[in-house]
Amino acid sequence: MKGASLGSLWEDTAAPHVSAPELNGAVSAETVIVGAGYTGLSTALHLAEMGREAVVVEADAPGSGGSGRNGGQVIPGIRHLPDELVAAYGEALGRRLHAFGSGDADATFALIARLGLDCAANRGGWIQAAENEVEVRQHQARVAAWSARGAAVRMLARDEFQAMTGTQAYIGGWLDERGGSVQPLSYVRELARAAMKAGAQLFVKSPATSIVETTAGWRVATPRGSVMARNLLLATNAMTGGLHPGVGRSQLGVWSFQIATRPLAPDERAVILPGGPVVSDTRRVLRYFRLDRDGRVVVGGKGTLGAPSGPAAFNLQRQMLRRLYPALTPDDQATEAVTHAWGGLIAVTIDRLPRLFSLGRNGWAALQDNGKGIAWCTAMGGPLAEMLAGADPRGLPLVPVRPPQPIPFHPLRKAYVAAGNGWLRFLDLTDRLR
């Protein structure tokens, strides 16, 4: 992240930048998409493969937001169990969303294989760790619910968990074999290349300065040009800013920070995450870790309220590294073990459920990642493309289309995010003391 020391591991190891022009002048298309992250690019790719016109305008470069700065963990589905989705969306749609989420990691890895995307894809599984017996029981209920629907999941006792992860910081967990990892910035760049190859147009360094509904459709203005289109998809998530205040106030921007170590020595790599799974825990203030392709340990979790400003911003991640793998940080010198440190802004909704907002006639905004966006946003590109091509969204695995739903007192978001984080950390502590 700009302004922080050490810099992003993903920037240093990513596939080459995408070659795309800035927007100069006026263009027209059937659909204009604002934002070249996973949602926007997957939707553009699917539209192009359907033979539909799609133009994507991006403020900077593909992956400059959260899509290029996240942990790269490909985690199936959304966090809610089937009964919770039914309660939120009704019987038919709730079960359809759950079924769709069950296959979103499959769809992501299948897309990567079909298009030959160079993004260090690895299907080593996803492990959710447990710190106490309360969490073990919660995991058992989740595994039972997923297993009843045919998912490749199972519980991990302490010994097996520790053998698969190389850490003694947890007492067990559960494994979802559908999960895995990618180099997230490489993936979004490769997705952009694939969308362009299929026929979508991408314009970089072309921030949308306004979106206006007209009698002829939607006009998206940029500093040096404009796009006129029948359909609009706003796919900016946490980077929406003031472009559409209603959408911007319907989410919370949360900073996630990561650090990475030097590449492990062969003997270290033999015992630390030897099969290449990705791991996260069940804390309300989430923590997660994995290896990259070169054997570096990448540790991430909740950051400060603002962008990282120096080494101290990453103290929680260094402490976690020390707790997970103390042998990598002898004599408490965790700072010396860290070669990269960076952050990214992600969008979350209050209940962590995806949203699809109606902005007017043939205009929509998608808010759907909530920290698990790689698989969900990739797979959702197909249904969003079908909707933009004219399909009735009520027959697709899409959440109900609603107007934007601003969070009350959103201008005070930093204050109540800070208070909320303090409360969640307290709950995490009390859980561990049970």
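**Aromatic pairs and a kinked helix**

Phe289 and Tyr325 are both buried (under 20% relative accessible area, with over 50% counted as exposed and the range in between as partly exposed; 1.4 Å probe, protein chains only). The model is predicted, so to speak of local features a pLDDT of at least 70 is needed, side-chain atom pairs count only at pLDDT 80 or more, and totals for chains, interfaces and linings use all residues. Residues are numbered from 1 along each chain as its sequence is written, and side-chain values use heavy atoms, without hydrogens and water.

The structure holds nine aromatic pairs (Phe, Tyr or Trp rings, the six-membered one for Trp, with centres within 6.5 Å; planes under 30 degrees apart are stacked, over 60 edge-to-face, the rest tilted). Among them, Trp126 and Trp174 have ring centres 5.3 Å apart and planes at 75°, which makes the pair edge-to-face. Trp126 belongs to strand 4 (residues 126–130) and Trp174 to strand 6 (residues 172–176), so the contact ties together parts 48 residues apart in sequence (helices, H or I of at least four residues, and strands, E of at least two, are DSSP runs numbered from the N terminus). Trp126 is buried at 5% relative accessible area, and Trp174 is buried at 1%.

The rings of Phe289 and Tyr325 are also edge-to-face, with centres 6.2 Å apart and planes at 80°. Ring pairs join these two residues with Phe161 and Tyr170 in a cluster.

Turning to helix 13 (residues 373–388), a kink of about 35° lies at Gly381, shortly before Pro383 (the bend is the angle between axes fitted to the seven residues ending at a residue and the seven starting there). Of the 16 residues of helix 13, 15 are buried, so the helix is largely enclosed by the rest of the structure.
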